[in-house]
Amino acid sequence: MANYATMCPGTYHVGYVFDEPPIEDSYLENRVPVGEVKFKTAVVLNRQVYVGNVQVTTKSNRTRTYGDRIMKSTVSEFDTFPVFRTVDVAIGDGETIVKLEEYAERLLVFKEKTLYIINASSDAEFLEDTQAFRGISHSAASCKTDYGVAWANQYGVYLYTGNRVENLFEKNGIRVISPSSWASFYNSDSMIGYAPKFKQLIVFDSATAASSSGNVYIYDMVTQSWVQGTGIVSGDAKTNTVVDWNGDLVFAHTSGTVVKWTDTPVGAISNFELITKEEDFGTPSLRKKIYKVVVTYQGGSSQSVDVTYGVDGASPASQFDSNISNTSGSIVIAELTPSSAISNAKSIQLKFAGTVAVGFKLHDISFVYRTKKATS
């Protein structure tokens, strides 16, 4: 334009305003979406819609599918996707995008095997972290919580907190659920949901009737502990979970029966089992004399739980002089004395097994013991 003004003084040339940079027509033909833009996953972040695993229609009305491409809308124009507004992560790695999630101005790109964390705090997104073996097999395997983004795959359950990925199967350097237990529970269509009222993650064994036994794993975000439930949800085909307007986690099964998650017990459980960790009282090398175990609990009708123990790594098979079988429904303090004296134990582990009442609550477990002097 400067040359034109110099050659023709007094004459002005406005020029052309391009909506996009001028590009070769063949490139325009193959790359610019002029029809529908379809996608398998989407999130809203910073007043933009990010869509992944897209299918676009070219100028010549040909359909193109890009399984590993992310497109983003114009700011505040949630249905407009210019061709040049793309976020390409690990193109051609052999994996397709399964799910997009967002948290703390980060875009989480879940592929089948790998998780890519993209920093989207500025206009120019950049790859912040790559997590191998942290992908998911289908879209219902991740969910949003008020603690971050949680997901489940064949290796375990994880939580992204905004600055790091936590393995929820590990606590204080100890694995709390064994690989064999998880392998027997997990299926390729296992799904996860979050119940904000109870601060609980619920992992369902399967979304299909062919693989589901109605079993779940429940993770309490407050106590950071796991419990397993057997046959407590429908074993029929299930939809993905959503949180409704009232903060309830809901899903549908069979032909459209909608249910919500609740922690209210529905009946006595006959196959209850609780095994504590091995307690060494902070001194694993010292011998102790353990006098008794004090258990505070609330029972009820049909309450009958046998309590056994094992010392120094042995399976809990030794008996106490009594059990926790009070059926009154009141809070009870039970003092359990070992049937044989425990004089030189370095650690002890308890097992509770039997039938628990509808209103069963285990409030506290205490040990009465004395540490013995170390001997040379």
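This short talk goes through strands, nonpolar cores and salt bridges in the structure above.

Before the details, please keep in mind that this is a predicted model, in which local features need pLDDT of at least 70 and side-chain atom pairs count only at pLDDT 80 or more, while totals for chains, interfaces and linings use all residues. Residues are numbered from 1 along each chain as its sequence is written, and side-chain values use heavy atoms, with hydrogens and water left out.

Let me start with strand 11, where strands are DSSP runs of E with at least two residues, numbered from the N terminus. Strand 11 covers residues 156-160, and five of its five residues are buried, so this strand is largely enclosed by the rest of the structure; buried here means under 20% relative accessible area, exposed means over 50%, and partly exposed lies in between, using a 1.4 Å probe and protein chains only. In a regular strand the side chains alternate between the two faces of the sheet. In strand 11 both faces are covered, with G156, Y158 and Y160 buried on one side and V157 and L159 buried on the other.

Which strands pair with strand 11? Strand 10, residues 149-153, pairs with strand 11 in the antiparallel sense over five bridges, pairing being counted if DSSP finds at least two bridges between two strands. V149 stands opposite Y160, and a hairpin of two residues joins strand 10 to strand 11. Strand 12, residues 165-167, is also antiparallel to strand 11, over three bridges, and here E166 is the bridge partner of L159. The hairpin between strand 11 and strand 12 has four residues between them, and G162 in the turn has a positive phi of about 110°.

Further along the chain, an open sheet of four strands has the order 15-16-17-18, with antiparallel pairing. Strand 15 and strand 18 (225-229) stand at the edges with a single partner strand each, so one side of each is left without a neighbour in the sheet. Inside this sheet, strand 16 is joined to strand 17 (residues 216-220) by five bridges, and Q200 stands opposite D220 in strand 17.

Turning to the nonpolar cores, I mean sets of buried Ala, Val, Leu, Ile, Met, Phe, Trp, Tyr and Cys residues joined through side-chain atoms within 4.5 Å. The largest has 21 residues, and those touching the most other members are V295, Y297, F320, I324, I348, L350 and F352. Strands 23 (288-298), 24 (304-311), 26 (331-336), 27 (342-345) and 28 (348-356) are the elements that give two or more residues to this core. Apart from it lies another core, of 19 residues, among them F185, Y186, L201 and Y217.

Finally, the salt bridges, meaning a side-chain nitrogen of Lys or Arg within 4 Å of a carboxyl oxygen of Asp or Glu, of which a search of the whole structure finds 12. E101 and K99 meet in one of them at 3.1 Å, N to O; E101 is buried at a relative accessible area of 9%, and K99 is buried at 16%. K144 forms another with E102, the closest N and O atoms being 3.0 Å apart, and this pair links K144 in strand 9 (residues 142-144) to E102 in strand 5 (residues 97-103), 42 residues apart.

How exposed or buried are the two partners in the bridge between K197 and D248? K197 is partly exposed at 45% relative accessibility, whereas D248 is buried at 6%. Both belong to a network of salt bridges that links K197, D248 and K260.
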